[in-house]
Amino acid sequence: MNKLVFKKVNSLSFAKEIYEISIDPVSLKFSKNTKKFSFSSHLKWLKKIISSKKNNIFLFKKHRKIIGFIILKKKIKYYYLSWAINPKLRGFSYGKKMLRSFIKRHPRKYIAEIKDNNYISKKLCLKCGFKFLKKRKKYNVYSTN
Ligand SMILES: CC(C)(COP(=O)(O)OP(=O)(O)OC[C@H]1O[C@@H](n2cnc3c(N)ncnc32)[C@H](O)[C@@H]1OP(=O)(O)O)[C@@H](O)C(=O)NCCC(=O)NCCS
């Protein structure tokens, strides 16, 4: 059986795959920056994350297939998570598997800020141990314990 595996991204080897998931219209709609961006600006962003001590990106694979990624950002006090699944593989429980396995391996208090109209991610949060904390503008804020 092929397991879902993940590792911290520390090179640009999968830059194209991460880009394709990121510029999918649904991913853009639910991200903070909703404007489409070029591959070269994506590369700049990715290089910055790779060299950062505070931010990381984790890539999830099953066999050789890219399933999705989780972005981890450490801001002053808390760790923030955001995520996306390969558009072709949505709705097959990979979101749940990805988030649960990440939290299991790196247990911490995490915050997720989800747009109010992102029903699937709000549901995903609740299924993965997050609790609703509060509303902040157009975002719903969730946290793990
Ligand atoms: C949000 C996202 C990661 C979910 O991943 P996924 O693999 O499709 O989700 P799952 O299959 O694990 O489903 C999670 C829950 O949502 C439900 N769900 C999934 N797709 C759904 C759909 N199209 N309509 C209604 N419910 C849906 C599932 O049934 C499941 O709930 P359940 O356990 O009660 O059955 C994925 O849709 C995505 O990449 N979206 C764009 C990026 C995004 O919104 N990121 C969040 C910014 S923080």
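In this predicted model, helix α1 (residues 15-22) packs against helix α3 (residues 39-51) at an angle of about 110°, and their axes lie 10 Å apart; helices are DSSP runs of H or I with at least four residues, strands are runs of E with at least two, and both are numbered from the N terminus. Axes are lines fitted to C-alpha atoms, for helices over the stretch in contact, with angles from 0 to 180 degrees between N-to-C directions. The helices α1 and α3 are therefore roughly perpendicular to each other, a term that covers angles of 65 to 115 degrees. On the side of α1, the residues A15, I18, Y19 and S22 meet F39, H42, L43 and L46 of α3, where contact requires C-beta atoms, placed from the backbone, within 7 Å. The residues of this contact divide into six nonpolar, two polar and no charged, with Ala, Val, Leu, Ile, Met, Phe, Trp, Tyr, Cys and Pro counted as nonpolar, Asp, Glu, Lys and Arg as charged, and the others, Gly among them, as polar.

Residues are numbered from 1 along each chain as its sequence is written. Local features of the predicted model need pLDDT of at least 70 and side-chain atom pairs count only at pLDDT 80 or more, whereas totals for chains, interfaces and linings use all residues.

An open sheet of seven strands follows the order β1-β2-β3-β4-β5-β7-β6, with mixed pairing, two strands being paired if DSSP finds at least two bridges between them. Its edge strands, each pairing on one side only, are β1 (4-8) and β6 (131-136). At one edge, β1 pairs with β2 (residues 55-62) in the antiparallel sense over five bridges, and L4 stands opposite K62 in β2. The strand β2 also pairs with β3 (residues 65-74), antiparallel and over eight bridges, with K65 in β3 as the bridge partner of K62. These two strands, β2 and β3, form a hairpin with two residues between them, and H63 in the turn has a positive phi of about 55°. At the other edge, five bridges join β6 to β7 (residues 139-143) in an antiparallel run, and R136 stands opposite Y139 in β7. Helix α5 lies across β5 and β7, running at about 155° to β5.

Around the ligand there are 22 residues, of which F30, I85, R90, G95 and K96 come nearest; a residue is near if its C-beta atom, placed from the backbone, lies within 6 Å. The shell comprises eleven nonpolar, seven polar and four charged residues, and α5 gives the most to it, with five residues.

Technical notes:
Two residues are in contact if their C-beta atoms, placed from the backbone, lie within 7 Å. Angles under 35 degrees count as roughly parallel, over 145 as roughly antiparallel, 65 to 115 as roughly perpendicular and the rest as oblique.
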